[in-house]
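Reader: I'm new to reading protein structures and I get lost once everything is on screen. Could you take me through the aromatic part slowly, and show me what sits around it?

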Amino acid sequence: MKRSAPPIPGVLRLCALLLSLGALFLGNAPLPVTAQTSGAAAHLEVYAVQNDDNSFDLFARNDHFIPIYISVDFDQLVNLAPDTTLPWQGAIPPGEEPRHLFSLAPRAQRGRIGYSLRYQAALGDPATARHQDDHLYLFPFGHGTKRRLSQGFGGSFSHFGENRYAVDFDMPEGTPVHAARGGRVVHVKQDGRAGGPSPAYADHGNVIVIAHDDGSFGNYVHLRFRGSLVQPGDTVSAGDHIGYSGNTGISSGPHLHFDVRLPQRDGSMQSVPFLFRGLQGEPVPPREGHFYYASHPGGEDFPAVFGEDLSNEDFADHLEEVPLTNSVSFRTEEHDLTHAVYLQNGFPEAIRATVGFNLVHMRAEAALPLEIEVPPTSEVFLTLLRADPARDRWQYAPTVRFQRLR
């Protein structure tokens, strides 16, 4: 006769069973923090069946529609012997009867017995997953739009361990997120409302995970509350609009985290290097601090302007009429980390002006101060200001002294 123990929840560290003098005690062990976002554990049930001879049979059940790979081991075994080599590792097929993993047999007829079990679970199967390294991923934002890659592979803030080969793109909350590669949606979390730079926010991160045909998974993280347009089971194509960016989970500010990961034999999921598709379809390795346009196949042509390619000569002939305001003002255009600054003379007379800038982590392309004459009710170009890409914050404040020429 067998007696069923309660199901063990799908977490990384499970409870310990102690049997002494015929009494069964169930206690909770501490749970470690994990950054894994795949949702595999939520679909996996691991449980033990206790037999009359005080042996245990361990089983796993997978209610997902794809395999889940697990690695099972023990922190402690008290007078129990497994009938297999540990750790036990294998793929649990989807939607089938529970799979018997292994058994634990008592070493003696009397005395205290118990165990403290741990496991780690990953979506997919490392036996069949092989990343297609020459596949070119689309930038995960709208066709014709441009974003800065604020943290790249090995980034010092959070891109280490399983996230080593991840990228972050600066994005205001609510920016459309697009599929970088086609596949099947296998996990969605969108109930998180909070975000911050502390691990205390780990459980609040919203995510979409998409399975690719080579066994890898695309991981889109920090989406806004209810920011997914897809659900598990949906099939998406590269470039499809799948959700909206946000600032949930472990996040220092609004952005999109993207990585490609593979299941590992220890039950973890590890990010792997990948390439993006450039403007002409060329392979582009992601580089921290650079700006990139998303160019989706079949999309309309668009002008691509990068601030680092601009020079003062590109604006030297700029002269536009402005309304009569009887004042002097400045106008700025932002091109990535490059700012084009213009002076507007709203007087009916020409002015002679001396212009300077108070700069923090920026430099001017023109020698300062600038001495310039501006026709009446006209706008002229002054200079490009370039921000230091190694800094997180920049600041500039123009100063002007002028004389009206009558």
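**A small sheet and its rings**

Author: Let's start with one bridge: Arg277 has Pro283 in strand 25 as its bridge partner. Keep in mind that this is a predicted model. Strand 24 covers residues 275-277, and it pairs with strand 25 in the antiparallel sense over two bridges. Those strands belong to an open sheet of three, in the order 11-24-25, with mixed pairing. Strand 11 (136-137) and strand 25 (283-284) are the edge strands, each pairing on one side only.

Now for the rings. How many aromatic pairs does a search of the whole structure find? There are 24. A good one to click on is Tyr220 with Phe258, a tilted pair whose centres are 5.0 Å apart, with 50° between the planes. Why call this pair tilted? Because stacked planes are under 30 degrees apart and edge-to-face planes are over 60, and the rest count as tilted. Tyr220 belongs to strand 18 (residues 217-228) and Phe258 to strand 22 (residues 255-263), so this pair ties together parts that lie 38 residues apart in sequence. Are these two rings on buried or exposed residues? Tyr220 is buried, at a relative accessible area of 0%, and Phe258 is buried with 0% as well.

Next, try Phe274 and Phe276. Their ring centres sit 5.2 Å apart and the planes meet at 85°, so this pair is edge-to-face. Phe274 counts as buried at 3% relative accessibility, and Phe276 does too, at 0%.

You don't have to treat these pairs as separate items. Ring pairs link Tyr137, Phe139, Phe141, Phe153, Tyr165, Phe169, Tyr220, Phe258, Phe274, Phe276 and Tyr292 into a cluster. So when you click through the rings, both of the pairs we just looked at turn up in that one cluster.

One member of the cluster, Tyr137, leads us to a histidine. His212 has its place in the loop between strand 17 and strand 18. It is a loop residue, but His212 is buried, with a relative accessible area of 6%. Why does 6% count as buried? Because the cut-off for buried is under 20% relative accessible area. Leaving aside neighbours within four places in sequence, His212 is in contact with Tyr137, Arg181, Gly182, Phe217 and Gly218.

Some rings have a charge over the face rather than just another ring beside them. Arg224 lies over the face of Tyr244, at 4.3 Å from the ring centre. Arg184 does this with Phe65, at 4.0 Å from the ring centre.

Now zoom out to the nonpolar cores. In soluble globular proteins, nonpolar side chains tend to be buried together. The largest nonpolar core here has 32 residues, and Leu44, Ile70 and Leu123 touch the most other members. Two or more residues come from each of several elements, among them strand 4, strand 5, strand 6 (68-78), strand 10 (113-123) and strand 18. Strand 10 gives the most, with seven residues. A second, separate core holds 30 residues, including Phe139, Ile210, Tyr220 and Val230. You've met two of those before: Phe139 and Tyr220 are also in the ring cluster.

Back in the largest core, pick Ile70. Outside its neighbours within four places in sequence, Ile70 is in contact with Leu44, Ala60, Trp88, Gln89, Gly90, Ile92, Leu101, Tyr119, Gln120 and Ala121. Leu44 also turns up in a bridge, where its partner in strand 5 is Asn62. That bridge belongs to the pairing of strand 4 with strand 5 (residues 56-62), which is antiparallel and runs over seven bridges. The hairpin of strand 4 and strand 5 has four residues between the strands, and Asn54 there takes a positive phi near 70°. As for strand 4 itself (residues 44-51), seven of the eight residues are buried, so the strand is largely enclosed by the rest of the structure.

If you'd like another sheet to hold against the one we began with, here it is. Strands in the order 32-30-34 form an open sheet of three, and the pairing is antiparallel. Strand 32 (370-374) and strand 34 (395-405) are the edges, each pairing on one side only. From one strand to the next the twist averages 25°. Strand 30 (residues 350-360) and strand 34 pair over eleven bridges, and Phe357 has Pro398 in strand 34 as its bridge partner.

Definitions and conventions
Residues are numbered from 1 along each chain as its sequence is written. This is a predicted model: local features need pLDDT of at least 70, side-chain atom pairs count only at pLDDT 80 or more; totals for chains, interfaces and linings use all residues. Side-chain values use heavy atoms; hydrogens and water are left out. Rings of Phe, Tyr and Trp (its six-membered ring) pair if their centres lie within 6.5 Å; planes under 30 degrees apart count as stacked, over 60 as edge-to-face and the rest as tilted. Buried means under 20% relative accessible area, exposed over 50%, partly exposed in between (1.4 Å probe, protein chains only). A charge sits over a ring if NZ of Lys or CZ of Arg is within 6 Å of the ring centre and within 35 degrees of the ring normal. Two strands pair if DSSP finds at least two bridges between them. A nonpolar core is a set of buried Ala, Val, Leu, Ile, Met, Phe, Trp, Tyr and Cys residues joined through side-chain atoms within 4.5 Å. Contact means heavy atoms within 4.5 Å. Axes are lines fitted to C-alpha atoms, for helices over the stretch in contact, and angles run from 0 to 180 degrees between N-to-C directions.
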